[in-house]
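Biologist: Before we discuss assignments, please show the model under consideration. I should then like to ask how particular labels were reached.

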Amino acid sequence: MDINVQAMLFEFLGGLGIFLFGIKYMGDGLQKSAGDRLRDLLDRFTTNPVMGVLAGIFVTVLIQSSSATTVLTVGLVSAGFMNLRQAIGVIMGANIGTTVTAFIIGIDIGEYALPIIAAGSILLFFFKNQKVHNFGQIVFGFGALFYGLELMSAGMKPLRSLEAFHELTVQMSTNPILGVVIGTVFTVIVQSSSATIGILQGLFGDGLITLDAALPVLFGDNIGTTITAILASIGASVAARRAAATHVLFNLIGTLIFLILLIPFTNLVEAIKAGMNLNPEMTIAFAHGIFNTTNTIIQLPFVGVLAFIVTKLIPGKDTIVDYKAKHLDPIFIEQSPSIALGQAKEEVLRMGQFAVQGLEETRGYLETKNSKNANTAYQLEEAINNLDRKITDYLVRLSTSSLSKQDSEVHSNLMDTVRDIERIGDHFENILELVEYQQANKVKMTNLAMDDLNKMFSLTISTVKNALQALDQNDRTVAEKVVKKEEEIDKMERTLRKQHILRITEGACTGQAGIVFVDIVSNLERIGDHAVNIADYVLGETH
């Protein structure tokens, strides 16, 4: 029998593309239906590794991708929302959650794929309601997933008559490590363990591969899926690289354990298949589920050991921004509102320090164009936004308590200060974007313009520092100094604008450079306004 290689490849690759699109589209629809609260869910429900496992399962089932969950976790660790031990739990849970896709594939409804796609299309194109639209996306993705599998299966069927393929499967049966390598390499290429396990289910369903050859490939698929987290951690913080390394280590250890126990594991899967009368696709799904669940149960008690190993493998001090609030204990709201107010003030000052650091990193980025400065500044801005929400919520809850007149005034000032600090974060983020624009468009600044910006940055940072000092010590003298410095900033802004307009008219500077320069100066002037607002609260005045 002649094999039409072109038709086989087209069907297989086209089917793979539709399958991957179906999973992504279905996951996006599920995510939209649940609301974009996944980051908060992982942040809130990962107090210990067991809770982390449950959160990892839930999020992965929701977005249909263990890689996406792991990348999200790496980002949270990098940002300081989550420590390494919590992240390990989430990664373990993600490995269990991803097995749901294999169980979905195990339901043999491939012949109904096209009607399901049609139903999804009707919901997408004939209804305006957003919830119906999201549901349509889920249905369409679900149908596309099965249609892609049908095409892949049709593309792989001619392999049945290929002698070389039979020899390869025999080799994989006698040499499990070869199966692990094939599974790993293919998943690294496709970057989706769900796709490679779907293909494995198709091969096993069509009788193209035996169970003892399929299981090592399944183990390799789990190792290969770690590539996405590795790629996400490149250039990230030490903690993020450690989280990605944990994912690799977890799956490598699991594969090693199951390769040692391959014969009893194969017998167990065979017994489950016979006892429950499972179809071939569902047999692989059960094998996948047992592998990942057992691997998690075995390794969960050793989370501390895993954390220790990756810390030794990837040494170095981490420079992460600790996003979480440190002083906002809700118990003080009930027991002592006055202490709670003091705690809130400590957190506001900490938020202010993030603003100062963000300004310094932004100046560093302007001077050196080093992306590390920009990344740190963006992290700090996100930390400011997070603390803004947490402190505001805490102060709102505190407002229901009985506060003295003096405490009520402090409470009101803190609410306003939080808003001012948050706006400072927004302004240095604007400056970061202006510098990025400058780099992308190769906008050159004159040395004189850079010197002017550096002077204004120094004055602005000094003013913000003084404002925070005045708030911390309730020092009127320092607060008055802030008011004078802000007046200097205003004068400097007017002077620098005029000077730069002269440079443009003389041809020493381009129009694009002029726009960037004036916008940076304008943002610095507004930062000065917010600093003087903080000082005014200390002085008991309002501008």
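Modeller: Please bear in mind that this is a predicted model. Let us begin with helix H19, which spans residues 337-368 and contains both Arg350 and Glu347.

Biologist: What makes the pairing of Arg350 with Glu347 a salt bridge?

Modeller: The closest N and O atoms of Arg350 and Glu347 are 2.5 Å apart. The criterion requires a side-chain nitrogen of Lys or Arg within 4 Å of a carboxyl oxygen of Asp or Glu, so the pair qualifies. The two residues are 3 residues apart, about one turn of the helix.

Biologist: Why is Arg350 called buried?

Modeller: Its relative accessible area is 14%, and buried means under 20%, so the label applies to Arg350. Glu347 is also buried, with a value of 0%.

Biologist: How do you know which label suits Arg419, buried, partly exposed or exposed?

Modeller: Arg419 has 48% relative accessibility. Buried means under 20% and exposed over 50%, so Arg419 counts as partly exposed. Its side chain meets that of Asp416 in a salt bridge at 3.2 Å, N to O.

Biologist: What separates Arg423 and Asp426 along helix H21?

Modeller: They are 3 residues apart, and therefore separated by about one helical turn. Their side chains meet in a salt bridge at 2.8 Å, N to O. Arg423 is partly exposed at 32%, whereas Asp426 is buried at 16%.

Biologist: Why is Thr460 in helix H22 called buried?

Modeller: Thr460 has a relative accessible area of 1%, which is under 20%, so Thr460 is buried. Leaving aside neighbours within four places in sequence, Thr460 is in contact with Ile489, Leu524, Ile527 and Gly528.

Note on methods: Residues numbered from 1 in each chain as written. Predicted model: local features only at pLDDT ≥ 70, side-chain atom pairs only at ≥ 80, totals over all residues. Heavy atoms only, no water. Buried < 20%, exposed > 50% of the residue type's maximum accessible area, 1.4 Å probe, protein only. Contact = heavy atoms within 4.5 Å. Helix = DSSP H or I, 4+ residues; strand = E, 2+ residues; numbered from the N terminus.
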